[in-house]
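Please open the structure in a viewer and keep the sequence at hand. The tour proceeds by selections.

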Amino acid sequence: MADKIKRIAINFGGGFIPGVNDDEEHIRATLAFIKPYKNVIDYELLPYMRFGESKYGFLGKVYEMQDFLEPTQDMLARLRSIIDEAFGRSAASSPAKPQ
């Protein structure tokens with residue numbers, strides 16, 4: 001069983017929030033943590049999105065993350081280029097990311 005686990009490819013998903021952990025320092029630190037594991041094949045950015053905001057009002061709760069903004073496409077592109085570089089691929093060969 002342990003041999004099979006070692007061969008499983010892992011696509012690491014890291015959530016980030018603008019102004020909290022969205023800078024190059026955090027992305028590079030995360031890469032330094034996951035890259036030694038040979039079965040980690042990618043690091044996918046999971047940007048903060050406001051999809052659930054409307055549910056808070058429905059539930060009578062205060063949405064306490066109103067001040068956080070969704071990341072810009074430029075920010076995502078810059079951080080993805082750091083990840084691409086770490087995995088030894090060019091932006092053209094990078095896995096397609098949803099817009």
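The stops below run from the whole chain to its interior.

This is a predicted model, in which local features need pLDDT of at least 70, side-chain atom pairs count only at pLDDT 80 or more, and totals for chains, interfaces and linings use all residues. Residues are numbered from 1 along each chain as its sequence is written, and side-chain values use heavy atoms, with hydrogens and water left out.

Begin with a cartoon of the protein, which shows four helices and two strands in the sequence order α-β-α-β-α-α. Helices (H or I, at least four residues) and strands (E, at least two) are DSSP runs, numbered from the N terminus.

Next, select residues 10–16 and 40–47: these are β1 and β2, paired in the parallel sense over seven bridges; pairing requires that DSSP find at least two bridges between the strands. Within this pair, Phe-12 has Tyr-43 of β2 as its bridge partner. Add residues 24–34, helix α2, through which the chain crosses from β1 to β2 in a right-handed β-α-β crossover (clockwise from the first strand over the helix to the second, with the strands pointing away from the viewer).

Now display Ile-27, Leu-31, Tyr-43, Leu-45, Leu-79 and Ile-83, the residues with the most contacts inside the largest nonpolar core, a set of 13 residues. Such a core consists of buried (under 20% relative accessible area, 1.4 Å probe, protein chains only) Ala, Val, Leu, Ile, Met, Phe, Trp, Tyr and Cys residues joined through side-chain atoms within 4.5 Å. Two or more core residues come from each of α2, β2 and α4 (73–86), and α4 gives the largest share, five residues.

How values were computed. Buried means under 20% relative accessible area, exposed over 50%, partly exposed in between (1.4 Å probe, protein chains only).
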